[in-house]
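Trainee: Got a few minutes to go through this one with me? I'd like to start with the rings and then see where we end up.

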Amino acid sequence: MSLATRTVSRLLLAPALMIAAAVLVKGYADTGDGFNAGVIAALAILLQYVVFGAEEAERLLPVRRAGLCAVAGLALSLVVAFTPLLRGDALFTHVPGPGKDVVKVGTLELITAVAFDIGVFLLVFGAIVGALRLIALHDRTAELERPPAGGLR
């Protein structure tokens with residue numbers, strides 16, 4: 001890739017991750033959610049893989065634990081979804097309930113729906129980046145197994 005492509009790709013990473021964070025928290029003031037945020041963040045990582053290659057992208061980014069991120073996101077989402085059953089409430093009954101006082105950070109209301117969306121974000125991001133890493137690793141090992149051009153091994 002050209003120097004301009006590499007530079008633009010590197011410069012787009014931080015703003016793309018900030019947009020993903022904004023989409024994650026914007027869902028409580030307007031439309032937006034953890035799934036869309038996870039896809040946006042994963043696409044930012046995919047751009048790094050395409051432009052820089054698997055080795056350099058993995059050296060520059062902490063993506064080796066993507067599978068663990070997906071598992072943690074799934075666990076968090078399931079805990080938030082099923083914990084109300086222990087209290088005798090329906091699935092996805094969020095705390096605090098309607099009309100109750102809510103702790104706020106700016107315009108973000110800290111309710112259990114936020115934790116659920118963070119879990120969905122981690123699940124989507126981890127699954128996409130984990131799959132991307134597996135594809136990149138498979139391509140790398142397949143390249144090593146190919147016989148050299150013009151001769152036998």
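Trainee: So phenylalanine 125, buried or exposed?

Mentor: Buried: its relative accessibility is 16%. Keep in mind that we're looking at a predicted model.

Trainee: Which ring does phenylalanine 125 pair with?

Mentor: With phenylalanine 121, in a stacked arrangement, 5.9 Å centre to centre and 10° between the planes. Both residues lie in helix H5, four residues apart, about one turn of the helix.

Trainee: And phenylalanine 121, buried or exposed?

Mentor: Also on the buried side, at 18% relative accessible area. The cut-off for buried is under 20%, so 18% still makes it.

Trainee: How many aromatic pairs are there in the whole structure?

Mentor: Two. Besides the stacked one, phenylalanine 92 and phenylalanine 116 make an edge-to-face pair, with centres 5.1 Å apart and 90° between the planes. That pair links distant parts of the chain, as phenylalanine 92 sits in the loop between H4 and S1 and phenylalanine 116 in helix H5, 24 residues away.

Trainee: How covered are those two?

Mentor: Each counts as partly exposed: phenylalanine 92 has a relative accessible area of 40%, and phenylalanine 116 has 22%.

Trainee: What's up with the backbone at phenylalanine 92?

Mentor: Its phi is positive, about 60°, although the residue is not a glycine. In that loop between H4 and S1 you'll also find proline 96, which is joined to valine 95 by a cis peptide bond with omega of about -5°.

Trainee: Which nonpolar surface patch does phenylalanine 92 help make?

Mentor: One of about 540 Å², made together with Leu74, Leu78, Phe82, Leu85 and Leu91.

Trainee: OK, switching to charges. How many salt bridges does a search of the whole structure find?

Mentor: Four. One of them joins glutamate 56 and arginine 6, with the closest N and O atoms 3.1 Å apart. Glutamate 56 is in helix H3 (residues 54-60) and arginine 6 in helix H1 (residues 3-26), so the bridge ties together parts 50 residues apart in sequence.

Trainee: What else does glutamate 56 bridge to?

Mentor: Arginine 59, where the closest N and O atoms are 3.9 Å apart. Those two are three residues apart in helix H3, about one helical turn. Taken together, Arg6, Glu56 and Arg59 are linked in a network of salt bridges.

Trainee: How open to the outside is that network?

Mentor: It varies by residue. Glutamate 56 is partly exposed at 22%, arginine 6 is partly exposed at 26%, and arginine 59 is exposed at 59%.

Trainee: Which partner does arginine 87 have?

Mentor: Aspartate 89, in a salt bridge of 3.4 Å from N to O. Arginine 87 is partly exposed at 45%, and so is aspartate 89 at 32%.

Trainee: Where does arginine 10 lie?

Mentor: Over the face of phenylalanine 52, 4.5 Å from the ring centre.

Trainee: Last one: which residues does leucine 122 touch, leaving out its sequence neighbours?

Mentor: Not counting residues up to four places away, leucine 122 touches Cys69, Ala70 and Gly73. Leucine 122 itself is in helix H5 (residues 112-145) and is partly exposed, at 23%. Compare it with glycine 67: they're 55 residues apart in sequence, yet 9.7 Å apart in space, C-alpha to C-alpha.

How values were computed
Residues numbered from 1 in each chain as written. Predicted model: local features only at pLDDT ≥ 70, side-chain atom pairs only at ≥ 80, totals over all residues. Heavy atoms only, no water. Patch = residues over 30% accessible without salt bridge, like charges linked within 9 Å, V, L, I, M, F, W, Y side chains within 5 Å. Areas by Shrake-Rupley, 256 points an atom, 1.4 Å probe, with all protein chains shown as cover. Salt bridge = Lys/Arg side-chain N within 4 Å of Asp/Glu carboxyl O. Buried < 20%, exposed > 50% of the residue type's maximum accessible area, 1.4 Å probe, protein only. Contact = heavy atoms within 4.5 Å. Phe/Tyr/Trp six-rings, centres within 6.5 Å; stacked < 30°, edge-to-face > 60°. Lys NZ or Arg CZ within 6 Å of the ring centre and 35° of its normal.
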